[in-house]
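Could you look over the aromatic side chains with me? My notes are below the model.

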Amino acid sequence: MTGWVLLSLWMAEVQTLYKRTVKWPMKRTNTFAVRPLSDTGEQLLRDLLDASAALWNEVNYQRLMRYNDEDGFEGDVWDADTGRLEGQYKGVLGASTAQQMIRKNSEAWRGFFRLKEQYHDESNTSITEHPEPPGFRGNEDDGRRLKTVIRNTSYSVKWGDRSRLEILVGSELKDRYDHTGRLRVETAGDPTWPDYKKQGRLDLWYDEIDSTFRASQPVTVSDDTRDTPLANETAALDIGANNLVACTTTTGEQYLYEGRDLFDRFRNTTREIARLQSRLREGRYSSERIRRLYRKRTRRRDHAQEALCRDLLERLYAEGVDTVYIGGLTDVLERHWSVETNAKTHNFWAFKKFTERLACTAEEYGISIAVRSEAWTSQECPQCGSTDRTTRHQDTLTCPCGFEGHADLTASETFLKRYTNNAVRPMARPVSSEITDFRDAENAQRFPARFEWDDHDWPESPRSHESPKEQRTNPSTVHRDGNVASGET
């Protein structure tokens, strides 16, 4: 054996040992609300975010024109004159923030090109729709989406009794508002990761739905910072539209997030958009009011999604869950297609976007997301295993063997049992007085915690812990439309 071969084997052994013994740093995120200290400070912050969106739009416009080979724009997308734009905006934003906005746009374009390659790769089936180039952040007439990114050396965060965030702003903006030094704002909430080794660049934006400024701070923490001590529990999610998420954990907990009211509001806004479009004069396809309704509809949904992800994962974190299984919508549209199903799955719930948001939020809590097939789970009887004899009526799944339970919660429990060796422990909840009326006493003890959206949070519903029979006999809980199937049938 030659010396080079021996050296190579030795180096490989050293690298393997190094990987086993070295604790690699973990990436996590602190998310918190931001409160300006005065009306002047709020207007200064708005101008900073607005100028950032304007810079993004100008860079994106030059790159999009080159990508589409429009007249007057020659060369590659990377030939955009970003140096001139940086010089134009650095007086307001500061040189570092102007650079970060341009870099952020570059990252978006590189991500677009990667997705495009994957889409045209026949061996890759993960990208099913042709990706679109990065979009614009509103416009001056209708209002821009207020958002910026601050370099890690251009801001500081202090936590404690007087928590605050200080960010760098450009000299022109400081002169406009007679401001000196960095802009200081209050922060609200306790950070999930207060002890970190390094901070990343800060995302700062205005949440129009909640009328609140928010910030997202990526941080690097050591592996010694355990986010979930002794976490070894598992959860599985059944994702739909009428019931947005049904969750079962190996600790025996079950959570149900209801979405019918959200979808009704989404549908009503969609109808209003269609009505306004029908009144447009010939040759026109949109108006400021229509565009405003589109933005309002999307932001309302996104706000509910973000709040749901955080509420659910906080509960799972407290339960000691370290892995969450989610399924795709494989074959749903082919087998259960309808106008309403398509509207719920793609337009309203934006399934893919939700799962991506869930994965990003889970990372903050050190929880892993695993995508698995959930074929047949929504039709399988957990008592006898039958899939062709079960019947679903509204939210109830029944089987001739005597089983009766909530369809989506049953699906999440079946899904969980399929991919974990841990037994699902009985619920630590009081047993209903009507338990004798159930032929499946074990499942009758499992009354989930139900949550309904109130435009800001997901408080527990007054109907929590009701049995399926109690819901059917209560007129206020009966719904005419069924849930979107969440797996193959």
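Here are my points on ring pairs and charges over rings.

1. Ground rules: this is a predicted model, where local features need pLDDT of at least 70, side-chain atom pairs count only at pLDDT 80 or more, and totals for chains, interfaces and linings use all residues. Numbering runs from 1 along each chain as its sequence is written, and side-chain values use heavy atoms, with hydrogens and water left out.

2. I get 17 aromatic pairs in the structure. Take Trp109 and Phe112: ring centres 5.7 Å apart, planes at 90°, so edge-to-face. (Rings of Phe, Tyr and Trp, the last by its six-membered ring, pair if their centres lie within 6.5 Å; under 30 degrees between planes is stacked, over 60 edge-to-face, the rest tilted.)

3. Both rings sit in helix H4 (residues 95–120), three residues apart, which means about one helical turn between Trp109 and Phe112. (Helices are DSSP runs of H or I, at least four residues, and strands are E runs of at least two, numbered from the N terminus.) Trp109 is buried at 0% relative accessible area, and Phe112 is buried too at 3%. (Buried is under 20% relative accessible area, exposed over 50%, partly exposed in between, with a 1.4 Å probe and protein chains only.)

4. Tyr255 and Phe451 make a tilted pair, because their centres are 6.2 Å apart and their planes at 45°. Tyr255 is in strand E13 (residues 254–258) and Phe451 in strand E19 (residues 449–452), so this pair ties together parts 196 residues apart in sequence. Both residues are buried.

5. One aromatic cluster is formed by Tyr67, Trp78, Trp109, Phe112 and Phe113.
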